[in-house]
Amino acid sequence: MSTIRVENLTKRFDKLTAVNSVSMSIDEGEVLCLLGPSGCGKTTTLRMIAGLEAESDGDVYIGGQRVNQMSPSERDISMVFQFYALYPTLTVAENIGFPLRSEGLSKSEIDGRVDGVAKALQLHEVLNRTPGQLGEGEKQRVAVARAVVRDPNCFLFDEPLSRLDVTLRQTMRGEIKEILNGLSKATVIVTHDQLEALTMADRIAVMRQGAIEQIATPHDIFTKPANLFVAGFIGTPAMNLLSGQFMEYQDGLARFDICGQQVALDVDPAVGNQSPGSDVTVGIRPRAFELSSEPTEHGFTAEVDLIEPMGAETLLHTMAGGIDIRVVVNRSQKVAVGERVNIVSKTGQNVVFGKDERLIAS
Amino acid sequence: MSIFGKGRKKHALREAGWGYSAICGAIGLVYFSPVLWIILTSFKTRQDALATPPAFFFTPTFDNFVRVFYRLTSEGEQMATGMGLFFFNSIFIAGAGVLLAVIIGTSAAYGFSRFPLKGNDTYLFVILTTRMLPPIVVIVPIFLMFRITGLSGSYIGIILLYAMFNLAFSVWMMKSFFDELSTDVEDAARLEGANEWKVFFKICLPQLKAGIAATSVFALILTWNEFLFALLLTGNDTRTVPVAMARSMGGQLGVDWGLLAAIITLFLIPVFIVTYLLQNHLLRGVTFGTVKK
């Protein structure tokens with residue numbers, strides 16, 4: 001059974017707590033992305049699962065078995081490192097075959113398996129080169145080939161695509177996803193790139209300062225961020241987080257005083273339980289706005305401050321009561337800097353956070 | 001500007017023009033001139049060697065080289081001088097000393113780099129302090145230690161001493177090379193079933209060939225030329241060439257410059273060969289890590 005489970009995993013370096021009581025479990029065939037800003041402890045978590053870093057506290061289970069005392073090789077894990085960690089003095093074929101040689105397979109069997117993987121990853125033409133003679137994309141594929149050539153308990157990827165250029169990244173994202181789909185192993189991918197996480201993961205664990213802020217499906221992470229941090233971290237351009245006061249809840253609409261304007265927004269009914277006048281933060285994604293010709297109570301009147309064309313869409317920075325509100329509109333919308341526009345929130349996409357920065361949801 | 005300007009334009013950023021090359025050649029010749037002088041002297045007769053003004057053109061003779069190994073007795077017979085043994089001693093002692101220093105230094109450096117002790121830096125500093133004193137300061141205690149332990153005059157004694165003197169340098173140099181290596185590569189090997197021995201021998205060491213070569217050559221040059229301890233701690237059978245050279249300088253007729261120059265010329269050859277063979281590694285070793293791969 002290929003599963004990973006960690007319980008209260010903690011890592012302390014002297015005074016710094018790099019990973020603070022992280023618990024999660026990954027099922028067979030599931031891909032979990034650890035997502036977070038640099039230095040949030042995601043790589044340390046991964047290295048503890050691999051056994052490359054000793055845990056200060058907590059337990060790691062692989063295939064249901066507690067592996068705390070096991071060496072990295074005993075854990076039977078394949079890992080792809082951020083900088084690929086290819087053996088510089090060995091050829092590509094020797095690199096890919098390395099884990100098999102450790103298992104003591106016969107030469108002909110190793111050659112056969114290496115050939116098979118190399119063909120699948122289009123590496124058969126570079127088998128006799130050394131890593132120094134490869135391009136970034138090829139190095140990446142060798143690293144993946146070395147990981148999938150054997151049949152490990154589970155897979156770990158540390159920032160697997162961070163060194164590739166944008167085009168290559170898209171290709172490899174698809175390739176890795178396809179390979180992982182065919183293997184049905186528990187997989188953990190560490191990344192700071194939310195697009196990578198949203199596209200590759202079955203579930204995403206968002207980490208900050210050593211702790212998990214939320215574990216959920218990409219859809220839920222995006223639509224129901226558990227707190228302000230997740231809300232601000234996921235999605236580009238970032239969600240508008242507008243602080244203001246809750247006033248009243250009526251007929252499915254909550255009234256807020258935000259940016260000096262009174263707006264009625266369609267939000268979760270649980271918001272109605274807040275006492276009037278309490279401080280809240282309303283989260284509205286830039287794409288959840290549209291422009292309207294008439295001012296309405298479902299939005300703001302704001303002045304266009306800056307226009308950033310993004311190709312298919314245009315990002316507007318608008319100012320309402322001294323607060324920057326980002327709005328994404330279709331590129332065909334003609335707007336000029338300094339113009340006053342009415343921005344209206346579409347229904348069903350707004351989230352509200354209480355004073356404790358947590359999502360208010362039923 | 002005449003030749004320089006022209007050369008520069010033509011070879012922009014690729015290779016130096018003739019002007020610069022000529023200047024460098026001239027400077028190089030100045031540096032090389034003492035060595036050249038000795039080499040020329042080794043082919044001179046006694047008269048030519050002492051001629052004033054110095055003779056730049058002369059009929060070369062191999063007589064000096066023959067006299068390095070054989071001398072004429074009063075009865076006119078040829079007799080071996082023992083210099084062959086001393087050359088063997090120099091090669092054997094320096095080789096063994098350097099080998100030992102590099103082996104121990106490399107293992108120690110790996111430990112310091114990968115499995116740091118509590119107070120790691122302090123240990124490294126202490127190791128370095130052994131090289132902070134001029135060696136002559138410790139000559140009395142070392143001489144006594146060698147007398148008491150009976151190491152005086154033995155191969156093992158002088159080899160251990162040279163190994164010890166090169167150790168500080170080897171540890172520091174090799175540690176800096178290990179620090180440059182990506183530990184991810186070693187971790188990858190561990191995950192893929194390699195034990196610690198395999199990680200060290202199969203993964204780390206092959207990456208450091210250049211570094212080991214550079215360390216060995218530097219250690220070898222220091223050891224090869226060492227005189228003071230060799231003078232005090234080697235005996236008749238274990239004498240090295242620098243000591244033998246000094247002893248050849250006496251005699252009733254004053255210094256035999258031709259003979260001395262011949263010994264020096266022969267003495268240059270082994271280091272020259274080693275350095276030449278390893279020069280590619282040497283360059284890469286010295287510049288290791290200064291450019292991120």
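Hi everyone. Let me start with where the domain bounds come from: an automatic or database domain assignment. For chain A, that assignment gives domain 1, covering 4–233, and domain 2, covering 240–353. Please keep in mind that this is a predicted model.

So, how do these two domains sit relative to one another? Taken over C-alpha atoms, the centres of domain 1 and domain 2 of chain A are separated by 39 Å. Contact between them involves 6 residues of domain 1 of chain A and 5 residues of domain 2 of chain A. If you look at the domain 1 side of that contact, you'll find 3 nonpolar residues, 2 polar and 1 charged.

Let me stay with chain A as a whole for a moment. The chain has 8 helices and 20 strands. Along the principal axes, its C-alpha atoms fill a box of roughly 75 × 45 × 35 Å. Chain A has 362 residues, and 43% of them count as buried. For those of you who like contact maps: among contacts in chain A with a separation of 6 or more, 65% are between residues 24 or more positions apart.

Now on to the place where the two chains meet. Chain A brings 16 residues to the contact, and chain B brings 13 residues. On the chain A side, β6 (77–80) and α2 (92–103) each supply at least two residues. Which element gives the most to that side? That would be α2(A), with 4 residues. By class, the chain A side that touches chain B is made up of 12 nonpolar, 3 polar and 1 charged residues.

I'd like to finish with one helix over in chain B, α9, which runs over residues 183–191. Why do we call this helix largely enclosed by the rest of the structure? Because 7 of its 9 residues are buried, where buried means that 20 or more other C-beta atoms lie within 10 Å of the residue's own. If you want to click through them on the screen, the buried ones are B:V185, B:E186, B:D187, B:A188, B:A189, B:R190 and B:L191.

And what covers them? The cover includes α10 (196–207) of chain B, together with two elements of chain A, namely α1 (42–50) and β6. You'll remember β6 of chain A from a minute ago, as it supplies at least two residues to the side that touches chain B. One last backbone detail for the torsion fans: α9(B) is followed by B:G193, which has a positive phi, near 90°.

That's my tour. Thanks for listening, and I'm happy to take questions!

Note on methods: Residues numbered from 1 in each chain as written. Chains lettered and ligands numbered in written order. Predicted model: local features only at pLDDT ≥ 70, side-chain atom pairs only at ≥ 80, totals over all residues. Contact = placed C-beta atoms within 7 Å. Nonpolar A, V, L, I, M, F, W, Y, C, P; charged D, E, K, R; others polar. Buried ≥ 20, exposed ≤ 12 C-beta atoms within 10 Å, placed from the backbone.
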